[in-house]
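Here's a quick walk through one structure, starting with a helix and moving on to the pockets. Have your viewer open and follow along.

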Amino acid sequence: MDFEEFRGRVEQLDKLAASGDDRALLSALAEVATSDLPDLDRARLLSQAAQAHERLKEPELALAAYDRAAALETPHHRFQAAFRKSDYLMRLGRADESRDILKSLIERPEATLSERHSFEARLKLLRRVTK
């Protein structure tokens, strides 16, 4: 897929997201996320799919989409999907799993000081929420 086609698809996805039709959005995302896009573009689309599954109250599908996105990001030393998964787990009340992800992210050598600070702040929030 070239850039112009990608940009057109993203515009279509944005319109579907704005319409609130998460089922149609998921169908369109599935098609684009399995294309020949670079890993990080596919990871972003999978994270968007995870958020649609969240809105549809489909936690296992949301978590699976976050895992697929994280698997694409990890070789590129990125961790946006893992961080979002941790946040979602916290909202689901699965604090231990959320905490484990945050602790692993803090230990990653590519994390900046600002990112580590964000992870630590989330860990503090988890401690307050679970008390």
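What covers the buried residues of α2? Keep in mind that this is a predicted model. The cover includes α1 (3–19) and α3, so let's look at what sits underneath.

The buried residues of α2 are Asp22, Leu25, Leu26, Leu29, Val32 and Ala33. They span an arc of only 130° around the axis, so they end up on the same side of α2. That fits a general rule: an α-helix has 3.6 residues a turn, so residues three or four places apart point the same way. As for its length, α2 runs over twelve residues and reaches 15 Å from first C-alpha to last, close to the 16 Å expected at 1.5 Å a residue.

Now for the empty space. The second largest pocket brings us back to α2 (22–33), which supplies at least two residues of its lining, as do α3 and α4 (59–73). Among the lining residues are Leu26, Leu29 and Ala33, along with Leu45, His53 and Arg68. By class, this lining has ten nonpolar residues, one polar and one charged, and the pocket holds about 150 Å³ of space.

The largest pocket holds about 280 Å³. Its lining takes at least two residues from each of α3 (39–55), α5 (80–91) and α7 (113–129). There are 17 lining residues, and Glu73, Arg78, Phe79, Gln80 and Ala81 lie nearest the centre. Sorted by class, the lining of this largest pocket comes out at six nonpolar, five polar and six charged.

How values were computed:
Residues are numbered from 1 along each chain as its sequence is written. This is a predicted model: local features need pLDDT of at least 70, side-chain atom pairs count only at pLDDT 80 or more; totals for chains, interfaces and linings use all residues. Side-chain values use heavy atoms; hydrogens and water are left out. On a 1 Å grid over the protein atoms alone, a cavity is a set of points where a 1.4 Å probe fits but cannot get out, and a pocket is an open set with protein on both sides within 12 Å along at least five of seven lines; lining residues have an atom within 4 Å of a point. Grid points are joined across faces, edges and corners, and a volume is the space filled by probe spheres set on the points. Helices (H or I, at least four residues) and strands (E, at least two) are DSSP runs, numbered from the N terminus. Ala, Val, Leu, Ile, Met, Phe, Trp, Tyr, Cys and Pro count as nonpolar, Asp, Glu, Lys and Arg as charged, and the others, Gly among them, as polar. The expected span of a helix is 1.5 Å times one less than its number of residues. Buried means under 20% relative accessible area, exposed over 50%, partly exposed in between (1.4 Å probe, protein chains only). The arc is that of the directions from the helix axis to the C-beta atoms. Contact means heavy atoms within 4.5 Å.
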